[in-house]
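Reader: I would be grateful for a close examination of a single part of this model, namely one interface between two domains. Please describe how the two sides meet and what they are made of.

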Amino acid sequence: MSHPMTPPSEELSHRLLGTVPYKDRLPAGRLLPPVGIIPGDVRSLGELHLLLAPDDRSLPGVNFNALVDWVERVIGDRDLADALRKTTGNTASYVDGCFKVYELVGMRLTQAREIAGQEVLT
Amino acid sequence: MPLYGYAGKILRLDLTQRKAIVIETEKYRRWGGGHGMGSALFWDFCKDKTITDGRHPANVCCIMTSPLNGTIVPSAGGRCEVVGVGVGMYPISWFTRSGFGGRFSTMLKYAGWDGIVIEGKADKPVWVDIRNDQVSFRDAVNLWGKDTWTTQQEIWRQIGIQPETKHQWQDLQELELLTKEQRKGKDQGRTTQKSAILTIGPAGENQTAHASLIHDAGNGAGQGGFGAVWGSKNLKAISVLGTGSIRVADPKAIIRARMVTKEKYVSSWERPDLRSWTRLGGFPRPIIFVRPPTNDRRPQSCQGCINGCRTRYNVGYGNESSCQETAWYGSFARKVAKSPAENTEINLRSADIVQRYGFNSFLFQTGLHWLEHLYEEGLLGPGKKIHSDLPWKEIGTLPFAEKLVHALSAKTDIGADMADGWVQAAIKWGREKDLHTGAMQFSYWGIPEHGYDPRAELEWGYGSIMGDRDTNTHCFNQIFTTVSAAFAFAMPIRIEAEEMVNLHARKLSPYAKGRPEVLDFSDANMYSEAVAQLVRWQQHYCRFFKQSALFCDLKWPDFYSTNTPNLEGATASSDAGEQVFWNAVTGDKLTFEDGIELGRKIWNLDNAIWVLQGRHRDIVHFAPYVYETKYEKGELFPFYMWPCRDEKGKWQYTDLMGRSLDRGKFEEWKTIFYKLEGWNTKTGSPKRSTLEKMDMKFAADALQAAGRLGEEEV
C-alpha cells in the first residue's frame, strides 16, 4: 500500500473508532448473485471494514465518491480521505477498489486503536 | 388410464368437523398442479371470495404439489405451493401465494396425495397426522407455544417407531431373497425416512402478519402470512409419511432429458468454467449472504435438486437457512461484530431465531431499517410517541434480535401495533409520510422492496404491482446480477447486450418471440407496449411453469448459457426444455406455448378472485416514494447494469440508477397492459369475452353476479 498516512491524533482516533449520527450514515448494500441486493447502511469505519471484508460469493455495494466525501466531511479524516481518493481513482476494477479500500481502512483502524489504547484486532 | 405424475387424490381437511375427505385429482387436472390447482380448489371451496383478511374463517388454504414432485426432473422435484387469502398486505390482503422447498411435497405424493385443502377452524389446537391414506386429527394443545423445531422433534417422537419394526442394521446376506410375486407390495408401508412436517411457530399461533410456515430446519413459506392463516384455524402442524411412489409416463424420456441437461447445459466438472453465465448450468453453491462459519459442511437440497443452495454445518447453527434469512440482521450485526467470523455467527444465529419463531424475515429487508429510522429520529422508544421498551441501543446483538422477533411474534411492545401489517402500523403511528420520502420502502401491497428496485428493474416492479405480492420471480434479473458482477470485476463481458436480448427474445414465445425490445428498460421505452408484453410473459410463464409445475425459481427459465456453443439455455428447447420434462412425466403433448397459455388462464382466474375481493385499477399503484424520489446512484450498489438501446438504437449495458417512475405515464402503461390482457381498461376487471375464450364461463358468471364483470370495450 503506497499511501502512508500520518498517525491520527488522539481526538481523531476516537472519532475513527466511534459511530456517526444516524443522519450522517453512509448508504451501502450487498449484492449476492443471483438473488439480489440487500440494504445495509454504515455508521462507523469498523462497520465499513466488515462490509468490505473479502468474500468469494457476494460483493459489497459502496459508492467510492460518496465514501471519500463521507470520510472527509463526516469522520473528519482528511488524510484517509486523500488516500482513498488516490486509491479509488486508480484501480483496475470496482472489486480491486474494494480490496484496496478494505486494506486502507484496516490500516487506519489499527493506527487509531493503537493510539486510543484499544486492543488491535488481527 | 393412470394419471401419470399424479398421486390421484387431493386431501380435503375440514377442521371444523375434523373430517378428512377425498377429492379426485382428475377433476382439477386441467389446471396442471400447484398454483393452478390451488386457485381452482380455492374457487370451488371458499364460500366467500370477498374476504380480505386470511384470518377470516371462510378462508381456504391449499398446500399443493406438482406432477414433477418426487421425480428426478432437475430443480423441480421438491418445491411446494401454498395459496389462499393472505395476511398483512395493504390496502387489501389478496388471494396470494407462497412456496417452499425441502421434502414435504414429495412425501405428500408418496403418501398418495396431490395436495391438501384446509378449511374451517378447529375448536382447539390440532395437528394432522398423515401416514399414506390414514389421516388423523391429533391434539396439539401440548405443542401450542412451542417453536417450529421443537414442534417437529416432538411430533417425530410421538410418531415413533412401531415396537415390531426392525430398526437395527441388517445383514443383507442373511436376508431371505423374495420372488417377484412375494416382493409385490413389500415396498409399501415401510420407510427409513422421518415424516415431513410443515408447522407454525409462535408468530403463527398469535396470527401476526409476519408469520410463516416452516418445514425442517429452514424451508419456509414466508410471504403471504400463511402462518397466521394456520394459527387462525388452530392448525399447528401437518406431518406426512409416505411409502408409495409416483408412476411416470416415460421414464426413458426423463433420463434422456436429464442426461442432455448434464452433458449440454450444465458446467463440466472435467473442464470447469467457474465464471460461466448460466442459471440451470451453474455449479452447486450455497446461497448465503455471509461467509460460511466453517468448511466442515455439506450441501442440502430440495428433494431431487441438482443445486444444493442450502447448507448444514458442523457448528450446529445456520442449518438450511439461505438467501435473505442469512442477512436480515446483516448491517446491524456489523455494529457489534469484531470480526467476519463473529459477523457470520450473529447473522446465522439470527436466521435460526426467525426459523424457530416461524417469522418471515423478509419484512425486515427494509422494515428493520425503517424501525431504526423511527428510533434514531426520536419517535420510537421508551416514553416516545411510539412507545417501545425494547433495548434499541443494543440493536445488532443477538439478545436484541431475539427480543425483537419475540415481541413481533407475541404481539407485545410494538408487535401489538404491527400484527395486522407494517403499512397499517405506519398509518396507525401517523407515519404515512415515510412512504413518500422512502424512509419506509414498502413498494407494493404493503410489502418491502426486494432489492430489485421498481424504478430500475421494471419487470420486477411492474409484475409485482400487477400481481398480488412482491413477485419474487427471478426470470430476468440474472442479467443485472451477472452483468453488474462482470463490470465490478472488470471481467470480460461473456455475452454482449445485443446478443443477450436476442437470446432471450428467441425464447419469449408467444408474445415477445423475436422482439428484443421488450427488454429495453431505457427511459424511452419503459412505459411501452413492449415492456407490457414482457411482464405478461413473465406472469404467465411463472403461473404455470414455476408455480404450478414447480420448476425452481432460481434455476428456471434458462435463457442463455455460456456452456453451450450457441449460448442458448435449456428453456423451451426441444431436448431439455420445461415441456420435455412435463410431457415425459405426465404423458401430455404440451408445447411450451401451451404451458404459457395455461399460465394465462391461471393468472386470469387469480385476477377474477382479486376483483371479487375488491381490486380496481385505481388501487393498483406503487408506494408514493417510487414516483416522488429517485433511486439514487450508489444507494445499494454503485451501478445497475441492464441492456438498453441508445438514441441511435444501439444496444449497450446501461446503468439504470438515478430515476423515478412517472405516475401519469405508468397509468398509461397500465391501460396498455389491461388491453393486452383483455381486461376492462377503466376498472382492470376481466371481460366475459376474455374469460369465455379460455373456457372460464364460470368465472364470468360469478363476476357478473357480483356486479364486478368488466364491460366489453370496442
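**The interface of domain 1 and domain 3 in chain B**

Author: In this predicted model, 19 residue pairs are in polar contact between domain 1 of chain B and domain 3 of chain B, counting pairs with both residues at pLDDT 80 or more. Salt bridges are absent from this list of interactions: across the interface of domain 1 and domain 3 of chain B, the rule finds zero.

The elements of chain B that give two or more residues to the side of domain 1 that touches domain 3 are the helix α1 (34–45) and the strands β4 (80–85) and β5 (95–100). Of that side, α1(B) supplies the largest share, seven residues. Sorted by class, the side of domain 1 of chain B that touches domain 3 comprises 17 nonpolar, 16 polar and five charged residues.

As for extent, about 2,800 Å² is buried between domain 1 and domain 3 of chain B, and carbon and sulfur atoms give 63% of this area. Within domain 1 of chain B, the residues that lose the most area to domain 3 are B:W31, B:W43 and B:W94, which together account for 26% of what that side buries.

The wider setting is as follows. Chain B is divided into domain 1 (9–241), domain 2 (282–434) and domain 3, the last of which is made of two segments, 458–556 and 591–705. Taken over C-alpha atoms, the centres of domain 1 and domain 3 of chain B are separated by 32 Å. Their contact takes 38 residues from domain 1 of chain B and 34 residues from domain 3 of chain B.

How values were computed. Residues are numbered from 1 along each chain as its sequence is written. Chains are lettered from A and ligands numbered from 1 in the order in which they are written. This is a predicted model: local features need pLDDT of at least 70, side-chain atom pairs count only at pLDDT 80 or more; totals for chains, interfaces and linings use all residues. Side-chain values use heavy atoms; hydrogens and water are left out. Domain bounds come from an automatic or database domain assignment. Contact means heavy atoms within 4.5 Å. Buried area is the accessible area (1.4 Å probe) that two parts lose on being put together, summed over both. A salt bridge is a side-chain nitrogen of Lys or Arg within 4 Å of a carboxyl oxygen of Asp or Glu. A polar contact is a pair of N or O atoms within 3.5 Å; within protein, one must be able to donate a hydrogen and the other to accept it, and residues adjacent in sequence count only if both atoms are side-chain atoms. Helices (H or I, at least four residues) and strands (E, at least two) are DSSP runs, numbered from the N terminus. Ala, Val, Leu, Ile, Met, Phe, Trp, Tyr, Cys and Pro count as nonpolar, Asp, Glu, Lys and Arg as charged, and the others, Gly among them, as polar.
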